[in-house]
Amino acid sequence: MTDQAVDTDGAARGAVPPPTSAAAGTDGGRFVGRHRELKELRADIDRAGLDTLSGRKAPRARVLLIAGRPGSGRTALAEELARQLADAYPDGILRARLSDPDGTPVPTERTARELLDALAVPAPAGAGEDDLTATLRAALADRRALLLLDDVADITAPPAAKGADETGAEGDDADDADSAAEGVLAAGAAAQVEPLLPDTPDCLVVAVSGGPLTGIPDVRPCTLGGLDTKAALDLLTRSAGSVRITVDPRSAESLVEACGGHPAALVIAGGWLAARPKAAVADLTKQVRELPEDGAADSGLARVFRQAYAGLPGPAARILRLLCLAPAGYVDPHTASALAGCSVNAARATLDDFVALGLLRAVDSQLPQYDVPGCLVPLLRELTETQDRPGEVQLARARMLERTVRLLQSCRAITEPGDSAARKKLAGLPRALRFPNPRAAADWLRVRRPALLAAARLAVADGELDTLARRLMSALTRALAAHWGTEAAAPDLYGIHQLVLDVAERRDLPREQAAALLNLADLDARTGRTHEALARYRAALDCARAAGDPYATGRAMESVGGAYQELGDYPRAADWYGRALTERQARGERADAARLHGRIATAHTYAGRYGEALRNWSSAVAGHRKTGDLPARARALGELARVQEYAGRPEDCLRTCQEAIDLARQAEDTRLLAALRLRLADTLDRLGDPAAARLHRAAAERILGSELSGESAEVAGPASMDGAPASAYEIRSASGRD
């Protein structure tokens with residue numbers, strides 16, 4: 001672990017790093033072939049669009065489409081185009097992958113949030129797709145940036161379109177069905193891209209897809225086939241060396257033909273030759289041609305891959321097969337080690353060998369990380385299904401999740417004090433699972449964040465490893481909160497709590513349902529979605545009652561009251577605070593009961609019911625007196641004085657305020673003391689004694705210096721007197737308190 005702990009401050013959280021290996025079509029900045037396609041794409045940027053021809057200003061960014069099968073070099077071409085155009089777009093290149101390696105479309109809201117993260121533009125946790133895409137367009141309105149949208153998903157046609165083909169329809173009916181399926185495919189792909197388009201012609205969008213984007217006007221695809229012979233030979237030469245290609249050009253050309261000019265196949269073929277310096281190109285060509293076709297979409301790639309796979313040692317072949325389980329296609333040595341059950345060092349050496357063979361791509365990251373090419377994922381999955389028993393695959397997935405949980409626990413524990421129980425437990429972990437310092441742990445968490453979130457999503461979707469999934473989400477929540485804080489990590493935490501809710505509902509775990517609903521509602525409330533928060537608080541209350549969890553029940557009741565108060569329904573707020581108060585009093589929780597008296601009083605104050613407010617503030621003062629909390633008692637007295645002034649009792653207000661000042665002085669709370677003196681000064685001003693008011697203001701300024709000079713600070717009002725609930729409700733599965 002220590003050798004992976006390096007600085008990653010330069011990496012944006014939402015940025016998708018480009019691949020850097022030969023499999024991507026780049027090698028030290030060199031790009032092979034595709035000169036005609038590059039020329040056409042660059043010319044298409046300046047081509048007059050439909051808006052220009054009609055005399056209107058282009059309302060949106062120009063979209064360039066690079067269409068081709070996975071492994072055809074489409075991403076490499078997009079990256080090379082972006083590199084050549086970088087100077088023309090000074091606000092940078094934003095990358096996003098719109099589908100996972102297995103072809104699953106990435107939700108638009110997740111893509112928009114990643115792009116906003118890369119732009120360092122904050123977006124509220126839990127915001128919907130429309131809000132996020134609108135924020136993204138607004139952020140790009142005054143920028144000149146290039147968006148590279150990779151792997152636009154191939155959306156499968158609906159059953160109706162498929163059914164026409166499966167029933168044996170012929171002629172026009174079959175053609176109509178195929179056309180309908182293609183139309184749905186194109187419309188689905190366009191639906192991913194269209195919401196992300198900037199509303200400014202100063203930006204450029206480069207989309208990479210397997211087909212057309214017919215739902216977006218004025219887009220002409222640049223469709224990729226195989227490389228021309230010269231470029232293909234150049235790509236082969238980079239890995240295999242020039243000698244064998246030069247001495248046997250006919251065999252090299254035959255190998256290119258057997259690969260169909262497919263860049264991914266050529267890279268793997270070059271890696272195979274590089275690993276066998278004594279093998280002739282003719283030998284590989286013969287072996288590839290003799291392999292039978294297996295019905296794969298690209299038989300050239302499939303045959304070359306099978307040839308490379310057959311030459312791997314047994315342990316390496318097993319690691320390669322299991323890489324199809326890697327979350328989001330991102331692999332690091334720990335992931336490979338856990339999947340295969342080998343050491344971390346052995347896993348890293350094997351991954352590096354795969355890169356040399358063209359079977360993996362090294363990711364441009366400051367920690368060791370690799371990317372599984374999407375074109376190989378179906379082939380790897382097929383091998384796993386045929387050569388590994390389902391139980392073994394599930395065990396490998398469980399080992400990977402367990403390793404991730406332990407790393408996350410170590411990542412959080414390193415932030416604890418040196419003499420804490422967590423640090424002592426951390427010392428007993430294997431060296432490979434320990435971080436040398438908090439900075440190294442934070443770097444690892446930042447780099448692995450996309451894979452960690454993907455692991456949580458996949459664990460929940462699996463449905464058979466829910467216990468591990470719950471542990472993973474709990475550990476991830478704690479690690480994010482420990483390193484980034486709950487506010488900065490709120491968008492990620494929102495998604496995790498939704499996953500927790502999914503598992504809790506599937507497993508009928510009302511206690512965890514209540515926890516997830518409370519956390520989601522808190523985040524909704526913080527971002528102004530009060531109605532949504534109220535609905536979730538009410539649902540959490542039902543779950544807490546079903547679970548018999550008194551803490552969650554009281555917490556939900558209090559939160560319902562807070563939501564009603566935010567909505568301006570003060571009678572209902574006071575009623576729900578009263579219900580929560582009854583729960584606290586029944587359990588003998590005096591401090592919380594005193595705090596709830598203050599919340600009830602605040603609601604009555606807003607409603608203008610000063611008599612009820614005075615009674616509840618008096619009860620709050622008495623409660624804090626019993627608990628011995630001097631600062632809380634002083635604050636309650638300060639609020640009591642405020643209500644006495646509202647109720648037209650200035651003399652009582654002065655006496656109460658002076659008593660609060662005496663308590664604040666005993667508590668040695670300087671800010672509270674200064675605020676109370678300013679409160680007293682304001683009251684004296686209203687009573688017609690400006691001289692005394694000036695004395696108290698001067699005393700407040702002496703206490704805090706110039707910090708409060710000229711301010712009219714007040715005692716903490718409802719926000720602090722209310723005693724807002726904890727920011728996160730811990731997921732507790734087997735607690736004695738439960």
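Glu668 sits in the loop that joins α30 (650-667) to α31 (670-686). Helices here are DSSP runs of H or I with at least four residues, strands are E runs of at least two, and both are numbered from the N terminus. The model is predicted: local features need pLDDT of at least 70, side-chain atom pairs count only at pLDDT 80 or more, and totals for chains, interfaces and linings use all residues. Residues are numbered from 1 along each chain as its sequence is written, and side-chain values use heavy atoms, with hydrogens and water left out.

Back to Glu668. Its phi is positive, about 60°, although Glu668 is not a glycine. Glu668 is exposed, because its relative accessible area is 69%. The cut-offs are these: buried means under 20% relative accessible area, exposed means over 50%, and partly exposed lies in between, with a 1.4 Å probe and protein chains only.

Arg34 also has a positive phi, near 60°, and is a residue other than glycine. Arg34 belongs to the loop between β2 (30-31) and α1 (35-46). Its relative accessible area is 5%, so Arg34 is buried.

Arg34 leads on to Ser72. Among the residues that Ser72 touches, beyond four places in sequence, are Arg34, Leu224 and His262. Contact means heavy atoms within 4.5 Å. Ser72 lies in the loop between β3 (62-67) and α3 (74-85). Ser72 counts as buried because its relative accessibility is 4%. Its side chain reaches the backbone oxygen of Arg69 at 2.6 Å. Such a polar contact is a pair of N or O atoms within 3.5 Å; within protein, one must be able to donate a hydrogen and the other to accept it, and residues adjacent in sequence count only if both atoms are side-chain atoms.

Now the whole chain. The protein chain has 33 helices and 10 strands. Of its 738 residues, 51% count as buried. Of the contacts with a separation of 6 or more, 68% link residues 24 or more positions apart.

How far apart are Val331 and Ala451 in sequence and in space? They are 120 residues apart in sequence and 8.2 Å apart in space, C-alpha to C-alpha. Val331 is in strand β8 (residues 330-331). Val331 counts as buried, because its relative accessibility is 0%. Beyond four places in sequence, its contacts include Leu323, Leu351, Tyr370 and Arg448.

Leu468 gives another such pair. The C-alpha atoms of Leu468 and Leu401 are separated by 6.7 Å, with their positions 67 residues apart along the chain. Leu468 is part of helix α21 (residues 466-488). Its relative accessible area is 12%, so Leu468 is buried. Outside its neighbours within four places, Leu468 contacts Ala398, Leu401, Glu402 and Val405.

Next, helix packing. Helix α22 (residues 490-507) packs with helix α23 (residues 510-526) at about 150°, and their axes are 8 Å apart. So α22 is roughly antiparallel to α23. Axes are lines fitted to C-alpha atoms, for helices over the stretch in contact, and angles run from 0 to 180 degrees between N-to-C directions. Angles under 35 degrees count as roughly parallel, over 145 as roughly antiparallel, 65 to 115 as roughly perpendicular, and the rest as oblique. Residues of α22 that meet α23 include Leu493, His497 and Leu501; those on the α23 side include Ala516, Leu520 and Leu523.

Helix α8 (residues 229-240) and helix α10 (residues 249-259) pack at about 100°, with axes 10 Å apart. These two are therefore roughly perpendicular. Thr229, Ala232, Leu233 and Leu236 in α8 meet Ala252, Glu253, Leu255 and Val256 in α10.

Gln192 is in helix α7 (residues 171-193). Is Gln192 buried or exposed? Gln192 counts as buried, because its relative accessibility is 6%. Its side chain reaches the backbone nitrogen of Ala153 at 2.7 Å. A polar atom of that side chain also lies 3.3 Å from the backbone oxygen of Val106.

Last, confidence. pLDDT is the predictor's confidence in each residue, from 0 to 100. The chain has a mean pLDDT of 83, and 84% of its residues reach 70 or more. Among its elements, helix α24 (residues 530-547) has the highest mean, 95, and helix α33 (residues 718-721) the lowest, 36. Over residues 706-738 pLDDT is below 50, and this stretch has 82 contacts in the model beyond near neighbours in sequence.
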